[in-house]
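Okay, everyone, let's get going. I'll put the structure up, and then we'll walk through it together.

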Amino acid sequence: MEMLQDVGGVAYKDMLAAAEKNMGKQREHNKVPFDKRRSKVKVTINDRVLLKSHPLSNLKRNFSAKLAPKWRGPFIVKAQLSPVNFVIESEEGSDKRIAHVEQLKLIL
């Protein structure tokens, strides 16, 4: 990789720089419609939240995922690990997990 090779008159490092520049442009282009659909959720310590459920259908158990509840809970926010990750615990204290803010919904 240290050696520069001309590929069609363009140096390898120049091609990498151009690729990184194009990826950055595309990332910014994709960010605009994503941010339009995203709802901002302000979660703080001791808030009550619901956790998004991701059930899977199971024919043997006669279980249909589309009829299952979409949200589980309530949970209580115990700590913030990063701007988007939170430690949540069920009200009974039996279930403790880390959840992304996109998977949480505040209970008002």
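So, a compact globule of 108 residues would come out with a radius of gyration near 13 Å, but this chain has 22 Å. Keep in mind as we go that what you see is a predicted model. If you box in the C-alpha atoms along the principal axes, you get roughly 65 × 40 × 30 Å.

What share of the 108 residues is buried? It's 16%. Buried here means under 20% relative accessible area, so hold on to that cut-off for later. As for the surface, the accessible area of the chain comes to about 8900 Å², and carbon and sulfur atoms account for 56% of that.

Now the layout. How many helices and strands do we have? There is one helix, and there are seven strands. Going along the sequence, the order reads β-β-α-β-β-β-β-β. And if you take contacts between residues at least 6 apart in sequence, 43% of them join residues that are at least 24 apart.

Let's talk charges. The chain carries 21 positive side chains and 12 negative ones, and the centres of those two sets sit 9 Å apart. Some of these charges pair up: a search of the whole structure turns up four salt bridges.

Here's one of them. Arg48 pairs with Glu91, and the closest N and O atoms are 2.7 Å apart. Where do these two sit in the chain? Arg48 is in strand S3, residues 48-52, while Glu91 is in the loop between strand S5 (85-90) and strand S6 (96-100). That's 43 residues of separation, so this pair links distant parts of the chain. Are they buried or exposed? Somewhere in between: Arg48 is partly exposed at 38% relative accessible area, and Glu91 is partly exposed, with a value of 38%.

Next, have a look at Asp95. Its side chain meets Arg72 in a salt bridge, at 3.6 Å from N to O. Asp95 is in the loop between S5 and S6 and Arg72 is in strand S4, residues 71-80, so the bridge ties together parts that are 23 residues apart in sequence. Asp95 has another partner too, since Arg97 also forms a salt bridge with Asp95, at 3.1 Å. Put that together and you have Arg72, Asp95 and Arg97 linked in a network of salt bridges.

How exposed are the members of that network? Asp95 counts as partly exposed at 22% relative accessibility. Arg72 is partly exposed at 34%, and Arg97 is partly exposed at 32%.

Okay, on to a couple of serines. Ser90 is in strand S5. Is Ser90 buried or exposed? With 8% relative accessibility, Ser90 counts as buried, because the cut-off for buried is under 20%. So who's around it? Leaving out neighbours within four places in sequence, Ser90 is in contact with Pro74, Phe75 and Asp95. You've met Asp95 already, as part of the salt-bridge network.

The other serine is Ser53, in the loop between S3 and S4. Ser53 has 16% relative accessibility, so it counts as buried. What does Ser53 touch? Not counting residues up to four places away, Ser53 touches Pro69, Lys70, Trp71 and Arg72. Arg72 is another member of that network.

Let's finish with some backbone details. Remember Pro74, one of the contacts of Ser90? Pro74 is found in strand S4, and the peptide bond leading into it from Gly73 is cis, with omega near 10 degrees.

Then there are two asparagines to find on your screens. Asn46 has a phi near 70 degrees, which is a positive value in a residue other than glycine. You'll find Asn46 in the loop between helix H1 (12-37) and S3, and Asn46 is exposed, at 57% relative accessible area. Asn62 is not a glycine either, and its phi is positive at about 55 degrees. Asn62 belongs to the loop between S3 and S4, and with a relative accessible area of 69%, Asn62 is exposed.

That's my tour. If you want something to click on first, go for the network of Arg72, Asp95 and Arg97, then hop over to the cis bond from Gly73 to Pro74.

Methods:
Residues numbered from 1 in each chain as written. Predicted model: local features only at pLDDT ≥ 70, side-chain atom pairs only at ≥ 80, totals over all residues. Heavy atoms only, no water. Helix = DSSP H or I, 4+ residues; strand = E, 2+ residues; numbered from the N terminus. Rg over C-alpha atoms; globule rule 2.2 N^0.38 Å. Buried < 20%, exposed > 50% of the residue type's maximum accessible area, 1.4 Å probe, protein only. Contact = heavy atoms within 4.5 Å. Areas by Shrake-Rupley, 256 points an atom, 1.4 Å probe, with all protein chains shown as cover. Lys, Arg positive; Asp, Glu negative; His and termini not counted. Charge placed at Lys NZ, Arg CZ, Asp CG, Glu CD.
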